[in-house]
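Please read the sequence alongside the structure below, and follow the account from the strands outward to the helices and side chains.

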Amino acid sequence: MATDAPHVLVVDDSFLDRLVASRVLKGCNILVTIKDGPKQALEFLNMEHDVKLIMTDYCMPDMTGYDLLMEVKESPKLKHIPVVIMSSDNIPERMKKCLDAGAKEYIIKPLNAVDMPRILSYI
């Protein structure tokens, strides 16, 4: 993989969903870092400065993807990073809340290769 590949952070508490996202992204020549929760993601983002996109699950223990989105958008250091929310639940009110708060997109799982060109256009 090229060292100049864009770096995407995937945040999901489900092993299977992390695996799917990682495989789909790596198939698009993307450097992928995986964290299993928002707190670990925020710790990583505070140390790592080349993340170009965050893809996060909505439903996770401790913090939701929406909470992570708010932390990112409120941080002067991180607010430029686009955030895509992924969820198994198609709940229009939740989708609207996330999009209104600054998420680039709200995707219903499973992540699919056909979604990737659109998602990667945010990088």
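A crossover between two strands is called right-handed if, with the strands pointing away from the viewer, the path from the first strand over the helix to the second runs clockwise. In this predicted model, strand S3, helix H3 and strand S4 make a right-handed β-α-β unit in that sense.

The two strands of this unit, S3 (51-57) and S4 (residues 83-87), pair in the parallel sense over four bridges, and within this pairing Asp 57 of S3 stands opposite Met 86 in S4. S3 also runs parallel to S1, to which five bridges join it, with Val 11 standing opposite Thr 56 in S3. Six of the seven residues of S3 are buried, so the strand is largely enclosed by the rest of the structure.

Helix H2 (residues 38-47) has Pro 38, Ala 41, Leu 42, Phe 44 and Leu 45 as its buried residues. These residues lie on the same side of H2 because they cover an arc of only 160 degrees around the axis, while on the other side of the helix Glu 43 and Met 47 are exposed. What do the buried residues of H2 pack against? Their partners are the strands S1 (7-11), S2 (31-35) and S3, together with helix H3 (65-74).

Turning to the aromatic rings, where pairing requires ring centres within 6.5 Å, the count comes to zero aromatic pairs. A charge does, however, sit over a ring: Lys 97 lies over the face of Tyr 66, at 4.2 Å from the ring centre.

Terms used: Residues are numbered from 1 along each chain as its sequence is written. This is a predicted model: local features need pLDDT of at least 70, side-chain atom pairs count only at pLDDT 80 or more; totals for chains, interfaces and linings use all residues. Side-chain values use heavy atoms; hydrogens and water are left out. Buried means under 20% relative accessible area, exposed over 50%, partly exposed in between (1.4 Å probe, protein chains only). The arc is that of the directions from the helix axis to the C-beta atoms. Contact means heavy atoms within 4.5 Å. Rings of Phe, Tyr and Trp (its six-membered ring) pair if their centres lie within 6.5 Å; planes under 30 degrees apart count as stacked, over 60 as edge-to-face and the rest as tilted. A charge sits over a ring if NZ of Lys or CZ of Arg is within 6 Å of the ring centre and within 35 degrees of the ring normal. Two strands pair if DSSP finds at least two bridges between them.
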